[in-house]
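This report describes strand pairing in a protein model. The sequence and structure are shown first, and the description follows.

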Amino acid sequence: MARSRRLVSTLVAAGLCLPAAWSSAPISHAAGCTSGNEVAGDLNSDGRADVIVGVPSWNNDRGAIDVLFSDGTRSFRTAASLGLSSAPGDRFGESVASADLNNDGCADLAVGAPGHSSSKGRVSLLFGRADDSLALGSTVNGTAAHGSFGAQVVLLTTQKLTPGGYVRTGQQLVASAPTADEGSVWESGQVVVQPLTSAGAPAAGKVTLTQNSAGVPGTSENGDRFGTALAGQGRTIVIGTPNEAVGSKTAAGSVTLLSATEAKPTTFAGVAITQNSSGVPGTAETNDQFGSAVAFRDHYVLVGAPGETIGSAKSTGQVHILNFNPATRGYRSLRAVSQNSAGIPGSDESGDYFGSSVALGINTVDQLTAIVGAPGEAIGSVLGAGSVTMFRANRSGGLTKTVRQGAGGVAGTPEAADHFGWSVSVLGGQPDDGEAMRDGVVIGAPGEDIGTIGDAGSVTYSRNAGNWFSLLLEDTGAADLPADAAFGESLASVNG
């Protein structure tokens, strides 16, 4: 049977929905990239964001990326298919970030391969094209022995008004190497800021940040793994260090908020926050893992603490919402949310790990929406099935929604260790819709079994949080869907 027909049959047999793009006429788009396109994550400049999935566990951890373009085209790309060297353990696709680096209207990608070259790591820049292809640009190699450079990546751009309109400028690649040593301090971690030219190529002025750097609060300590989580926008970087000890409390966790200015775009300074910081709810406790997941958008910071114990519910998890002013480098804690919080569906249970993944999206009803994964959530007696909760982030109240497999229009059946919500991201909305703008949601379930194929994984997405569709791994050249591919383990972060 042809691969496309076999894939459709497998989807139907597994009870998964076909994406709308497969069941309707393809969307036409221009022959070239359209300059001025403001849709974040739109690789082919057709006016709609694309679903971008990293597959780092594929083929003995060589890794790959899999893209569903909004016109229905699928593109499965390995490092080798792009002309890069590839070896077992590279984990190409461990992290993926999207932004328009060369201001042509087609979004581009940064793809991390932290296992490359004996875990020195590598980040590759790929450029989107209107014909649904991806062109290899530059690569940036890690320099720290076993540093895992590219474990997390973020692409930063700012906008500047010119006679021809707003253009993106001052592009930067930000990539973490959380297992890098600093002198005799082992696995303290570092974050690299690599300036890029207007064509998206590496430029001079690369900066390496550690907790011993000027302007960065804290001290590099053994096993901190500074840069385990990473987010950013404009000239702000949010760095999660969930292994940070707070006093005698090991792995209590911290988050570092750094900003730079247009005049000095690589001079970062800021503040470090723990659950013992002024105004932050709660108390730093062993294994809270505050900072395991972070998101940042429009001055709002969402921080996951999936190891948080509340009452008798061990590792039930919690998220914190902060406001950060990049100009003053001041922060304000707004609230902490768990599944026992007023208006939030569900309840705190041991092993939920609520806050393991987080994202922030725009929603016309609730404005800024927090998207929070709880991949350990039990559905009835089914352990580790997973769920995702969405609620208003910028103030309390408003609509809330919890989604899981087999309910609310989401396909599939909750099964043990599916880990639905292991990863979450957004599909960029269309800014020209004005008040009607709405981001979509993408959710990974890397533990999903497809028939007898264990941990093949699946990805669920919606452009409006109403109609949900599911994806399996695209054609890898194998006769069948590969086991242990963990499709949905990694999703692209999106920056406009």
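## Pairing in strand E14

The model discussed here is predicted. In it, Val-238 is positioned opposite Leu-257, a residue of strand E14. Strand E14 spans residues 254–259 and is joined to strand E13, residues 236–241, by 6 bridges. The two strands E13 and E14 run antiparallel.

## The sheet of strands E12 to E15

Strands E13 and E14 belong to an open sheet of 4 strands, whose order is E12-E13-E14-E15. The pairing in this sheet is antiparallel. The edges are occupied by strand E12 (229–233) and strand E15 (269–273). Each of these edge strands has a single partner strand, so one side of each lacks a neighbour in the sheet.

From one strand to the next, the twist of this sheet averages 15 degrees.

## The sheet of strands E16 to E19

Another open sheet of 4 strands follows the order E16-E17-E18-E19, and its pairing is antiparallel. Which strands stand at its edges? They are strand E16 (293–297) and strand E19 (330–337). Because each has a single partner strand, one side of E16 and one side of E19 are left without a neighbour in the sheet. The twist in the sheet E16-E17-E18-E19 averages 20 degrees from one strand to the next.

## Pairing of E16 with E17

The partner relationship of edge strand E16 can be described at the residue level. Strand E16 is joined by 5 bridges to strand E17, which covers residues 300–305. These two strands run antiparallel. Arg-297 stands opposite Tyr-300 of strand E17.

Key. Residues are numbered from 1 along each chain as its sequence is written. This is a predicted model: local features need pLDDT of at least 70, side-chain atom pairs count only at pLDDT 80 or more; totals for chains, interfaces and linings use all residues. Side-chain values use heavy atoms; hydrogens and water are left out. Two strands pair if DSSP finds at least two bridges between them. Axes are lines fitted to C-alpha atoms, for helices over the stretch in contact, and angles run from 0 to 180 degrees between N-to-C directions.
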